[in-house]
Amino acid sequence: MDKYRVKMAEVDESEVVQVPSQISLNILDELLKVTNEDIANLFINLLTNASTKSTVKYAHPGFIEVIKNLSADEAKIISEICAKGDQIIYVYINRDKNSNTFVPLTPNENNITEIIDLDFKENDTFYVVNLIKLGLLRDEPFYNKSFDNKYLEIENRMKDSMKDILDKIEEMKISDDSINFEPHFVRGRFGITEFGEQFIKSISEIPHVQLQINNDNF
């Protein structure tokens with residue numbers, strides 16, 4: 001609450017509005033229970049934006065439930081990657097480049113841990129799954145060409161997985177010479193949904209920032 005008071009002290013008095021009780025009471029209740037600073041900051045920023053005339057339109061009571069369903073690492077991903085406009089990209093190995101059927105042979109490998117330090121780095125893929133489930137991110141199966149070097153870094157991390165798959169295919173060919181799979185790397189990214197953009201505005205210290213995608217990069 002001291003952080004909230006400091007933030008509000010920076011707001012012009014003419015900008016201060018009464019916070020809808022549906023938001024204020026629920027946030028205060030959550031702040032009494034939360035122990036993680038990253039999660040607490042999201043609640044405080046939401047409360048601050050709900051207290052300010054120019055940003056109250058971004059504050060929605062449903063966002064309280066979203067924050068409650070975030071882990072500390074996921075809060076970092078939202079506030080330190082998505083809110084800053086950094087790109088989350090991913091790579092996985094698909095079964096056959098000569099087929100239009102998508103049969104992933106590996107989980108997604110992403111670049112999150114290269115951007116921020118997570119408490120549980122091994123959960124980075126699961127975190128994305130939860131952020132998609134919460135409606136904040138979406139899987140976009142196309143890639144940003146300006147990130148070619150970043151994609152190559154991920155693919156280099158997956159060389160052993162590709163080798164294991166190729167070795168397995170060679171073993172299968174011994175008993176079935178009709179097998180002719182050509183596994184390949186598939187690139188994609190995780191984009192922010194409209195709901196996610198609104199949520200980021202509600203918990204951002206600069207909520208009016210516009211999240212733009214330059215289509216010329218594809």
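This is a short talk on the sheet of this structure, with a few words on a surface patch and one loop residue. Please keep in mind that the model is predicted.

I'll start with the sheet. It is open and built from four strands, in the order S2-S1-S4-S3, with antiparallel pairing. The edge positions are taken by strand S2, residues 109–110, and strand S3, residues 137–140. Each of these two has a single partner strand, so one side of each has no neighbour in the sheet. As a reminder, strands of a sheet pair through backbone hydrogen bonds, in either a parallel or an antiparallel way.

Now strand S1, which covers residues 88–94. How many of its residues are buried? Seven of the seven, so S1 is largely enclosed by the rest of the structure. Buried here means under 20% relative accessible area. If you look at the side chains, Ile 88, Tyr 90, Tyr 92 and Asn 94 point one way from S1. Ile 89, Val 91 and Ile 93 point the other way, and both sets are buried.

On to the pairing of S1. With S4 there are seven bridges, in the antiparallel sense. With S2 there are two bridges, again antiparallel. Val 91 is a useful residue to click on, as it has a partner in each of these strands: Arg 187 in S4 and Glu 109 in S2.

Next, the S3 end of the sheet. S3 is joined to strand S4, residues 184–192, by four bridges, and the two run antiparallel. Within this pair, Asp 139 stands opposite Phe 190 of S4.

Following the chain on from S3, we come to Tyr 143, in the loop between S3 and helix H8, residues 148–157. Is Tyr 143 buried or partly exposed? Its relative accessibility is 31%, so Tyr 143 counts as partly exposed. Along the chain, Tyr 143 and Arg 189 are 46 residues apart, yet their C-alpha atoms are separated by 6.0 Å.

Last, the surface. Which residues make the nonpolar patch of about 270 Å²? They are Met 1, Leu 25 and Leu 28. Leu 25 is found in helix H2, residues 21–31. With a relative accessible area of 56%, Leu 25 is exposed, because exposed means over 50%.

To sum up: the sheet runs S2-S1-S4-S3, the seven residues of S1 are buried, and Met 1, Leu 25 and Leu 28 make a nonpolar patch on the surface.

How values were computed
Residues are numbered from 1 along each chain as its sequence is written. This is a predicted model: local features need pLDDT of at least 70, side-chain atom pairs count only at pLDDT 80 or more; totals for chains, interfaces and linings use all residues. Side-chain values use heavy atoms; hydrogens and water are left out. Two strands pair if DSSP finds at least two bridges between them. Patches are made of residues with over 30% relative accessible area and no salt bridge: like charges are joined within 9 Å, nonpolar side chains (Val, Leu, Ile, Met, Phe, Trp, Tyr) within 5 Å. Accessible areas come from the Shrake-Rupley method with a 1.4 Å probe; for residues, only the protein chains shown count as cover. A salt bridge is a side-chain nitrogen of Lys or Arg within 4 Å of a carboxyl oxygen of Asp or Glu. Buried means under 20% relative accessible area, exposed over 50%, partly exposed in between (1.4 Å probe, protein chains only).
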